[in-house]
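Let's take a walk through this structure, starting with the empty spaces and then moving on to the parts around them. Keep the 3D view open as you read.

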Amino acid sequence: GFGPPMIQPQPQPVQPVIFVGHGSPDTLLSSTVTPAAWRRIGEQFHPNKILCISAHWESETPTVSTVAKPDLIYDFSGFPKALYQMKYPVAGDPSLGHRVREVLRQADIPCRESATRGIDHGAWCVLKAMYPEADIPVVQLSLQPSRGPEWHLRLGRALGPLRREGVLILCSGAITHNFDWVLFDQPHGAPLPQATAFADWVADRVAHADHGALVDYRRLAPRGAEAHPTEEHFLPLFVALGASGDEIPRRVAPETLYGGLCMDCYVIG
């Protein structure tokens, strides 16, 4: 007998993968240059849906949000009141959540679903600038920091096919994330040489598609282990590289904030 008909997604323009260094939660308030760069990136692409992998959602097993109306998560403290009053009333998309689980399962990657997870600042701070109308549904997928860069390349490779289904993949983290390098009282202080050296090394390896060196960044990059005392902010870059296929990402380097936060973005597509 015949089984149920398979639903084949309609072919659509291939959507991009975007890595964004989201910086401090107050980037929308403390900078005009970086949010303008995010907005220009958003203006280039018109996806049907957005899948976001943010440094601010960690779990042992990949977990995807299946909330129809996600709340915003204000996962930071001690910032100006205006930040806690920001809204981004975007819809979720449970069907995309199920589809994410499906493509991961096809790659032998386990995936759970969360029917309660809201949208964290790694996602909404960036999307508020990229797509201010909040009219494109957003789903989030968690990181597994205990599993390292190679695992996240694999995760990205599994997610890549979603780009042909109208889904923009947004990976939100940071190229540098060491609070000892951050001059908290100088948002527009001169960039620290060690932050610039690491960011430029990453850019060079990305341009040469040298994923092997990037995976081994703690040993090979200048001040590599110092740039990321913990890895969660760097891992979204590996998801982006995995999802990029053979395409070479384009670097967008708007500025360095607080001396040590390189706000580099990478656009694939």
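The largest pocket holds about 270 Å³ of space. There are 16 residues lining this pocket, and those closest to its centre are Ser24, Pro25, Phe79, Phe179 and Phe184. Sort the lining by class and you get eight nonpolar, six polar and two charged residues. Bear in mind as you look around that this is a predicted model.

Now for the space that is closed off. The structure has one cavity of 30 Å³ or more, and the largest cavity takes up about 40 Å³. Its lining is made up of Ser65, Val67, Pro70, Gly92, Arg117, Gly118, Ile119, Val138, Val139 and Gln140. By class, that comes to five nonpolar, four polar and one charged residues. Which element gives the most to this lining? Strand 5, covering residues 138-143, does, with three residues.

Strand 5 is also a good way into the strand pairing. Strand 5 runs parallel to strand 2, and five bridges join the two. If you want a spot to click on, try Cys52, whose bridge partner in strand 5 is Gln140; Gln140 also turned up in the cavity lining. Strand 2 pairs with strand 6 (residues 167-173) as well, again in the parallel sense, this time over six bridges. Here Ile53 has Cys171 as its bridge partner in strand 6. How enclosed is strand 2 itself? Seven of the 10 residues in strand 2 (residues 49-58) are buried, so the rest of the structure largely encloses this strand.

Helix 6 tells a similar story. Nine of its 12 residues are buried, so this helix too is largely enclosed by the rest of the structure. The buried ones are Gly148, Pro149, Trp151, His152, Leu153, Leu155, Gly156, Ala158 and Leu159. You can also check the length of helix 6 (residues 148-159): at 1.5 Å a residue, its 12 residues should span 16 Å, and the end C-alpha atoms sit 17 Å apart, which agrees.

On to the charged side chains. The structure holds 13 salt bridges, and a few are worth a visit. One of them links Asp120 to Arg117, with the closest N and O atoms 2.9 Å apart. Are these partners buried or exposed? Asp120 is buried because its relative accessible area is 0%, under the 20% cut-off. Arg117, at 17% relative accessibility, counts as buried too, and Arg117 is also part of the cavity lining.

Compare that with Arg219 and Asp216, whose side chains meet in a salt bridge at 2.6 Å, N to O. Arg219 counts as exposed at 63% relative accessibility, while Asp216 is partly exposed, with a relative accessible area of 26%.

A third salt bridge brings together the side chains of Asp264 and Arg251 (2.8 Å, N to O). Asp264 lies in the loop between strand 9 (261-262) and strand 10 (265-268), and Arg251 is in strand 7 (residues 250-252), so the pair ties together parts that are 13 residues apart in sequence. Asp264 is buried, with a relative accessible area of 3%, whereas Arg251 counts as partly exposed at 33% relative accessibility. Last stop: Arg99, Glu102 and Glu165 are joined into one network by salt bridges that share partners.

Key:
Residues numbered from 1 in each chain as written. Predicted model: local features only at pLDDT ≥ 70, side-chain atom pairs only at ≥ 80, totals over all residues. Heavy atoms only, no water. 1 Å grid on protein atoms, 1.4 Å probe; cavity = no way out; pocket = protein on both sides within 12 Å on 5 of 7 lines; lining within 4 Å. Points joined across faces, edges and corners; volume = space filled by probe spheres on them. Nonpolar A, V, L, I, M, F, W, Y, C, P; charged D, E, K, R; others polar. Helix = DSSP H or I, 4+ residues; strand = E, 2+ residues; numbered from the N terminus. Expected span 1.5 Å × (residues − 1). Buried < 20%, exposed > 50% of the residue type's maximum accessible area, 1.4 Å probe, protein only. Pairing = 2+ DSSP bridges. Salt bridge = Lys/Arg side-chain N within 4 Å of Asp/Glu carboxyl O.
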